[in-house]
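Reader: I'm new to reading protein structures, and I'd like to look closely at one part instead of everything at once. Could you pick a pair of charged side chains that meet, and walk me outward from there?

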Amino acid sequence: MLETAIVTLFPELFGEFVRTSLVGRAVSAGHLSVAFENLRDHGLGKHRAVDDTPYGGGAGMLLRVDCVAAAIDAAVGRMQTSPRRVLLTPQGRPFVQATAERWSRLPSLLFVCGRYEGFDERVRGLVDEEASLGDFVLIGGEVAVMAMIEATSRLIPGVLGNHESTKEESFASPDPETDSGSTFSLEYPQYTRPAEFRGQGVPEVLKNGNHAEIDDWRRVQAHSRTAERRPDLLSPSGRAGAK
């Protein structure tokens with residue numbers, strides 16, 4: 001089981017997320033647990049303030065390091081194992097499939113969601129790594145955490161009906177025993193019924209029952225699609241972000 005905890009000002013945003021679809025099933029089956037630590041509970045004064053103006057001036061407000069530290073300590077104190085602590089920030093390392101694969105093998109994860117204009121720089125010293133969903137800025141880290149948990153939880157054995165399906169999808173890590181030196185690629189095209197739809201058919205190779213030919217066709221198609229849409233994935237530099 002992967003034990004997760006989330007430090008956030010808005011735990012209510014996750015209500016339906018942890019009860020619905022694959023994530024909900026993973027929680028119900030005991031493959032995943034999700035707990036929340038409301039940052040507001042660790043705020044100061046009458047209004048439970050967790051933010052303050054930045055030293056040196058500037059626009060917006062920053063999350064206070066003391067409030068964030070108290071929330072992290074409280075969340076960790078209730079976890080079964082010491083978690084890997086992840087800070088959500090646009091400055092973090094891009095989250096990729098390899099990140100999800102790595103996290104899915106951990107016993108526990110703690111996510112810290114930012115808000116406002118950011119956080120006191122000293123918050124970085126409270127975590128093990130920083131992660132970003134992409135080169136854009138969100139209002140807060142909650143939506144990013146949902147995406148990361150969904151991508152990670154589906155890789156936990158037992159969560160998907162057929163775990164083998166994760167080995168041939170887009171961005172899946174090459175098998176070190178059979179694909180030495182391979183690069184990451186997008187998934188090959190797939191088809192189901194009907195065999196004909198608005199003048200478009202299914203490639204004959206997929207209907208002939210020759211699995212060796214099908215495997216060859218799929219490899220060629222995956223490479224061709226990757227070269228057309230994501231050529232960066234076919235170069236050594238394109239793989240760097242997935243480490």
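Author: Happily! Let's start where the side chains of Arg-64 and Asp-66 meet in a salt bridge, with 2.7 Å from N to O. Please keep in mind that this is a predicted model. Side chains of opposite charge can pair when their charged atoms come close. Are these two partners hidden or open to the outside? Arg-64 has a relative accessibility of 25%, so it counts as partly exposed. Asp-66 is partly exposed too, because its relative accessible area is 35%.

Another pair makes a nice companion. Arg-124 and Glu-130 also join their side chains in a salt bridge, at 2.5 Å from N to O. Arg-124 has a relative accessible area of 18%, so it is buried, while Glu-130, at 21%, counts as partly exposed. Going back to our starting pair, Arg-64 and Asp-66 belong with Asp-52 to one network, held together by salt bridges that share partners. Across the whole structure, a search finds 13 salt bridges.

One of the salt bridges reaches across the chain. Glu-37 pairs with Arg-78, and their closest N and O atoms are 1.9 Å apart. Glu-37 sits in strand β2 and Arg-78 in the loop between α2 and β5, so this pair links distant parts of the chain, 41 residues apart. The two ends have contrasting surroundings: Glu-37 counts as buried because its relative accessibility is 6%, whereas Arg-78, at 53%, counts as exposed.

Now let's look at helix α2 itself, which covers residues 65–77. How far should its 13 residues reach? At 1.5 Å a residue the expected span is 18 Å, and the C-alpha atoms at its ends are 18 Å apart, so the two values agree. Several of its residues are buried: Val-65, Cys-67, Val-68, Ala-69, Ala-71, Ile-72, Ala-75 and Val-76. Try spotting a rhythm in those numbers with this rule in mind: an α-helix has 3.6 residues a turn, so residues three or four places apart point the same way. What covers the buried residues of α2? The cover includes strands β1 (2–8), β2 (32–38), β4 (62–63), β5 (84–94) and β6 (108–112).

One of those strands, β5, holds Gly-92. With 11% relative accessibility, Gly-92 counts as buried. Gly-92 also leads us back to Glu-130, the salt-bridge partner of Arg-124. Gly-92 and Glu-130 are 38 residues apart in sequence, yet their C-alpha atoms are 4.4 Å apart in space. Leaving out residues up to four places away in sequence, Gly-92 touches Glu-130, Ala-131 and Ser-132.

Next, the interior. In soluble globular proteins, nonpolar side chains tend to be buried together. Here the largest nonpolar core has 29 residues, and those with the most contacts inside it are Ile-6, Trp-103, Phe-111, Val-145 and Met-148. Two or more residues each come from β1, α1 (21–28), β2, β5, α3 (97–104), β6 and α4. The largest share, six residues, is given by α4. There is also a second, separate core of 20 residues, which includes Val-68 and Ala-75 along with Val-112 and Phe-119. You met Val-68 and Ala-75 a moment ago among the buried residues of α2.

Let's give α4 its turn. Nine of its 12 residues are buried, so helix α4 is mostly covered under the cut-off of under 20% relative accessible area. Among the buried ones are Val-145 and Met-148, both named above for their many contacts in the largest core. Ile-6 is in contact with Val-145 and Ile-149, and also with Glu-37, whose salt bridge we visited earlier.

Just before α4 we come back out to the surface. Phe-136 lies in the loop between β7 (129–132) and α4 (142–153), and it counts as partly exposed because its relative accessibility is 43%. Together with Leu-133, Leu-138 and Val-143, Phe-136 makes a nonpolar surface patch of about 330 Å².

Finally, step back to the whole chain. Its secondary structure comes to six helices and nine strands, and 40% of its 243 residues count as buried. Among contacts between residues at least 6 apart in sequence, 72% join residues at least 24 apart.

How values were computed: Residues numbered from 1 in each chain as written. Predicted model: local features only at pLDDT ≥ 70, side-chain atom pairs only at ≥ 80, totals over all residues. Heavy atoms only, no water. Patch = residues over 30% accessible without salt bridge, like charges linked within 9 Å, V, L, I, M, F, W, Y side chains within 5 Å. Areas by Shrake-Rupley, 256 points an atom, 1.4 Å probe, with all protein chains shown as cover. Salt bridge = Lys/Arg side-chain N within 4 Å of Asp/Glu carboxyl O. Helix = DSSP H or I, 4+ residues; strand = E, 2+ residues; numbered from the N terminus. Buried < 20%, exposed > 50% of the residue type's maximum accessible area, 1.4 Å probe, protein only. Expected span 1.5 Å × (residues − 1). Contact = heavy atoms within 4.5 Å. Core = buried A, V, L, I, M, F, W, Y, C linked by side-chain atoms within 4.5 Å.
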